[in-house]
Amino acid sequence: MTGAIAKGIDGLEDVVAAETVLSEVDGAAGVLVIRGHLLSELAGRWTYEETARLLWDGFFDDLPADLAPALGAARAQVFDHTQALTGDLLALTPVEAMRALTARLADGDDLATALRLVAAPAVFMAAAIRAQNGEAPVAPDPRRGHAEDILRMTRGTDPSPAEAAALNAYLVTVIDHGLNASTFAARVTASTRAGLTSAILSGISALKGPLHGGAPGPVIDMLDGVGDPANARAWLEGALDRGDRLMGFGHRVYRVRDPRADALKSAVKVLGAASNRLPGRLALAEAVETAALEVLSARKPGRSLQTNVELYTALLLEALAFPPAAFTGVFAMGRVVGWIAHAREQVAGGRLVRPQSRYVGPRPRAAA
Ligand code: ACO
């Protein structure tokens with residue numbers, strides 16, 4: 001039967017496809033190390049720019065001691081591209097519009113290209129979110145920190161220091177995470193020597209799927225669907241009965257709680273204490289988390305399905321007033337630094353990535 005399709009292999013589970021100095025995900029212990037530092041040492045303490053410098057050290061010859069001014073200047077450089085956000089681009093989701101604008105940037109391998117690629121998701125997402133509300137883009141302020149300026153460009157008003165700190169903590173928390181799907185995609189593209197812009201476009205494209213960085217938007221649908229903590233268990237059982245996956249739970253590598261979930265829950269609590277806004281939503285998320293872990297353990301006893309990064313990502317980004325449709329693009333704003341570091345590492349030390357497939361289709365008649 002020529003129409004039969006292959007079932008597919010196992011998603012490369014446990015296959016080691018790169019050596020890296022950038023980050024280590026210990027799925028059994030629930031520990032994330034970013035270039036020699038525990039996540040808990042960085043999140044809520046380091047700025048995004050400082051953490052970017054940590055990851056990029058050794059991958060660019062001309063790296064300045066302080067990346068903040070150069071990144072601010074790069075935001076200003078890419079801003080002109082927001083003028084192209086018209087016509088068909090306005091019908092796209094924010095992350096698709098951001099990807100389309102990023103594709104306008106020239107390929108290259110130097111620090112200037114890298115900085116423009118970090119600036120691009122920030123500036124283009126802010127503009128795309130505003131465009132969906134019929135609002136004109138707000139120009140970057142190069143003197144501000146990256147997180148603060150993202151909120152300012154998105155809203156058109158200054159965020160509070162607590163809000164800027166919360167977004168900064170999020171960007172640091174998601175900055176790099178081993179050989180996840182989008183990072184692998186970026187490394188494969190980089191291995192062809194296509195250039196950093198091409199590698200980052202591969203990363204954005206892989207990230208947007210609901211099994212990867214597209215999960216936090218549907219987490220909000222889940223929280224809204226549950227509505228009241230007392231409904232959590234019944235709602236989640238119903239979702240699993242329909243064959244749905246519970247967004248924000250399960251991970252390819254972690255068999256215990258994702259350490260990023262704790263980092264983000266702390267950030268959510270700090271923000272809630274400063275703004276007095278979150279207690280009800282946080283209580284709902286905690287009730288959903290407790291019920292989901294019970295239900296998943298009963299339904300999938302052989303597989304330890306735990307909370308991943310996306311549950312508290314959704315809560316934090318919602319508290320910062322990002323629309324759920326934009327959550328994946330905000331994830332890209334953070335992860336882009338890791339993609340660039342991995343792309344540089346792949347080019348510096350790696351050969352072209354070119355695995356084999358096993359042919360299981362029909363044989364030509366002549367060979368049968
Ligand atoms: N809800 C319900 N069942 C689940 C879930 C979930 N969230 N996660 C896994 N399972 C089940 C699967 O249905 C499967 O059951 P089966 O063996 O009876 O078929 C079993 O657990 C194993 O699942 P796999 O698909 O093999 O796990 P995999 O490692 O491929 O998937 C993934 C990991 C994609 C994250 C998965 O857990 C999932 O879909 N989670 C929900 C989406 C999500 O939260 N994604 C964000 C991940 S974090 C990130 O990428 C930034």
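**Exercise 1. Place Ala169 in this predicted model: state which helix holds Ala169, decide whether Ala169 is buried or exposed, and list its contacts beyond the neighbours in sequence.**

Solution. Begin with the secondary structure: Ala169 lies in helix 7, which spans residues 161-173. Next take the accessibility; the relative accessible area of Ala169 is 8%, and because the cut-off for a buried residue is under 20%, Ala169 is classed as buried. Then look for partners, leaving aside residues within four places in sequence: Ala169 is in contact with Ala43, Gly44 and Ala267. Finally, consider a residue further along the chain: Leu223 is 54 residues away from Ala169 in sequence, and the C-alpha atoms of the two are separated by 23 Å.

**Exercise 2. Describe the surroundings of Thr102, covering its helix, its accessibility, its side-chain polar contact and the residues it touches.**

Solution. Thr102 belongs to helix 4, residues 94-102. With a relative accessible area of 0%, Thr102 is buried. The polar part of its side chain is then the point to examine: a polar atom there lies 2.8 Å from the backbone oxygen of Met98. If residues up to four places away in sequence are not counted, Thr102 touches Leu117, Ala120 and Phe124, and also Thr197, Ile200, Leu201 and Ile204.

**Exercise 3. Work out the strand order and the pairing sense of the three-stranded sheet, then follow each pair of strands.**

Solution. The sheet is open, its three strands run in the order 1-2-3, and the pairing is antiparallel. Strand 1 (23-26) and strand 3 (37-38) are the edge strands, each of them pairing on one side only. Taking the pair formed by strand 1 and strand 2, one finds four bridges in the antiparallel sense, and within this pair Asp26 stands opposite Val31 of strand 2. These two strands form a hairpin with four residues between them, and in the turn Gly30 has a positive phi of about 70°. Turning to the other pair, strand 2 (residues 31-34) and strand 3 are joined over two bridges, again in the antiparallel sense; here Ile34 has His37 of strand 3 as its bridge partner.

**Exercise 4. Explain why helix 2 is described as largely enclosed, and contrast this with the accessibility of Glu50.**

Solution. Helix 2 covers residues 48-56, and seven of its nine residues are buried, so the helix is largely enclosed by the rest of the structure. The buried residues are Tyr48, Glu49, Thr51, Ala52, Leu54, Leu55 and Trp56. Glu50 is also found in helix 2, but with a relative accessible area of 43% Glu50 is partly exposed. The C-alpha atoms of Glu50 and Glu19, which are 31 residues apart along the chain, are separated by 23 Å. Just after the helix, Gly58 takes a positive phi of about 90°.

**Exercise 5. Locate Asp14 and Arg193, and assess their backbone angles and accessibility.**

Solution. As background, most residues other than glycine have a negative phi. Asp14 nevertheless has a positive phi, near 70°; Asp14 lies in the segment before strand 1, and with a relative accessible area of 73% it is exposed. Arg193 likewise has a positive phi, near 65°, and is found in the loop between helix 8 (181-191) and helix 9 (196-207). At 48% relative accessibility, Arg193 counts as partly exposed.

**Exercise 6. Identify the residues that come nearest to the ligand, trace the polar contacts, and state how much of the ligand area is buried by the protein.**

Solution. There are 21 residues around the ligand, of which His212, Leu246, Phe249, Arg252 and Lys300 come nearest. Two of the polar contacts involve backbone atoms: a nitrogen atom of the ligand lies 2.7 Å from a backbone N or O atom of Leu246, and an oxygen atom of the ligand is 2.9 Å from a polar backbone atom of Gly248. A side chain is involved at Arg252, where an N or O atom is 2.8 Å from an oxygen atom of the ligand. Taken alone the ligand exposes 920 Å², and the protein buries 76% of that.

**Exercise 7. Give the bounds of the two domains, the separation of their centres and the residues in contact between them.**

Solution. The domain assignment gives domain 1 as 23-212 + 325-349 and domain 2 as 217-319. Taken over C-alpha atoms, their centres are separated by 25 Å. Across the boundary, 26 residues of domain 1 are in contact with 25 residues of domain 2.

Technical notes. Residues numbered from 1 in each chain as written. Predicted model: local features only at pLDDT ≥ 70, side-chain atom pairs only at ≥ 80, totals over all residues. Heavy atoms only, no water. Pairing = 2+ DSSP bridges. Buried < 20%, exposed > 50% of the residue type's maximum accessible area, 1.4 Å probe, protein only. Polar contact = N/O pair within 3.5 Å; in protein donor to acceptor, adjacent residues only side chain to side chain. Contact = heavy atoms within 4.5 Å. Near = heavy atom within 4 Å. Areas by Shrake-Rupley, 256 points an atom, 1.4 Å probe, with all protein chains shown as cover. Domains from an automatic or database assignment.
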